[in-house]
Amino acid sequence: MNIVLFGPPGAGKGTQSSLLVQRKNMRHLSTGDMFRRAIEAKTALGQMAKSFIDKGELVPDHVTVSMVENELKTLEGSSFILDGFPRNISQADSLEEMLKKNAISIDAAIFLEVPSSVLEERLTGRRVCKSCGALYHVSEKPPKVAGTCDRCGGEVYQRSDDRAEVIRGRLEVYEKNTMPLKSYYRAKGKLVEVNGQGDAESVFVRLSAVIGSSGQSIKR
Ligand code: AP5
């Protein structure tokens, strides 16, 4: 079972992916996480990506596509979740080519639907562990000790692109570039829409109903 999980910033893609990794043993391929690891490691890729991410803009396609291409080669047959990729039609076309080349296919493109009124609150309140990437929220899911990750003891921080002025730009970029993927995957018969409102466990129950208990089948 291989899925593309897409939706607006703050829809809960990272949160649901982490549950899918824990409970269905899937690999999580998140381009946002890949860029943040490169930024943390101060690599040339990280420095370049940071200049786009801090403004809420997309990192250029050729950079993102080749990064994903390298990750796809490491899968060794594992089921996977693509989170944050593709993010526009051109990336979706590149993905099709990469999948064909590697004899892999996507079973479904799952769209997490959350109204924009909810997104801003989720994003401004989000906190992330610098070491393991665990996700928190200042009111919904605070760490037990402020500023410290429950899971690994790492530093819990606010992402630089989770400031209100950057969030507005990210939502615009999403509307213009990523929303058209709904029609793209609908036309391919791969689109599945899941309501992303309510607490994370309720959303996971809905997502699991679509994916199936073993992670092997898709119910439409
Ligand atoms: P990326 O990291 O992919 O960010 P995003 O798509 O904007 O998505 P987010 O990570 O903000 O949100 P999410 O849906 O994962 O929500 P989460 O689960 O964290 O990309 C960042 C940047 O990298 C981009 O802007 C771009 O510059 C660059 N980039 C990445 N991919 C690229 C690509 N393909 N091409 C070019 N550039 C690319 O949840 C958010 C908060 O809400 C958390 O605090 C969480 O605890 C809380 N929450 C989640 N679910 C619930 C719930 N059900 N109820 C209550 N609270 C909840």
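## Basis

A residue is near a molecule or strand if one of its heavy atoms lies within 4 Å of it. This is a predicted model, in which local features need pLDDT of at least 70 and side-chain atom pairs count only at pLDDT 80 or more, while totals for chains, interfaces and linings use all residues. Residues are numbered from 1 along each chain as its sequence is written, and side-chain values use heavy atoms, with hydrogens and water left out.

## The shell around the ligand

The ligand has 34 residues around it. Thr15, Glu57, Arg87, Arg126 and Arg170 come nearest. By class, the shell holds 13 nonpolar, eleven polar and ten charged residues. Here Ala, Val, Leu, Ile, Met, Phe, Trp, Tyr, Cys and Pro count as nonpolar; Asp, Glu, Lys and Arg count as charged; the others, Gly among them, count as polar.

Five elements each supply at least two shell residues: helices H1 (13-24), H2 (31-40), H6 (116-125) and H9 (200-211), and strand S6 (135-137). H2 gives the largest share, four residues. Helices (H or I, at least four residues) and strands (E, at least two) are DSSP runs, numbered from the N terminus.

## Polar contacts and burial

A polar contact is a pair of N or O atoms within 3.5 Å; within protein, one must be able to donate a hydrogen and the other to accept it, and residues adjacent in sequence count only if both atoms are side-chain atoms. Arg126 places a polar side-chain atom 2.6 Å from a ligand oxygen. Backbone atoms take part too. A polar one of Gly84 is 2.8 Å from a ligand nitrogen. A polar backbone atom of Tyr136 is 2.8 Å from a ligand oxygen.

Taken alone, the ligand exposes 1000 Å², and the protein buries 95% of that. Accessible areas come from the Shrake-Rupley method with a 1.4 Å probe; for residues, only the protein chains shown count as cover.

## Backbone exceptions

Most residues other than glycine have a negative phi, and most peptide bonds are trans. The bond from Phe85 to Pro86 is cis, with omega near 0 degrees. Pro86 sits in the loop between strand S3 (80-83) and helix H5 (89-101).

Two residues that are not glycine have a positive phi: Lys42, at about 55 degrees, and Glu76, at about 45 degrees. Lys42 is in the loop between H2 and helix H3 (44-53). Glu76 is in the loop between helix H4 (61-72) and S3. Lys42 counts as exposed at 66% relative accessibility; Glu76 is exposed at 77%. Buried means under 20% relative accessible area, exposed over 50%, and partly exposed in between (1.4 Å probe, protein chains only).
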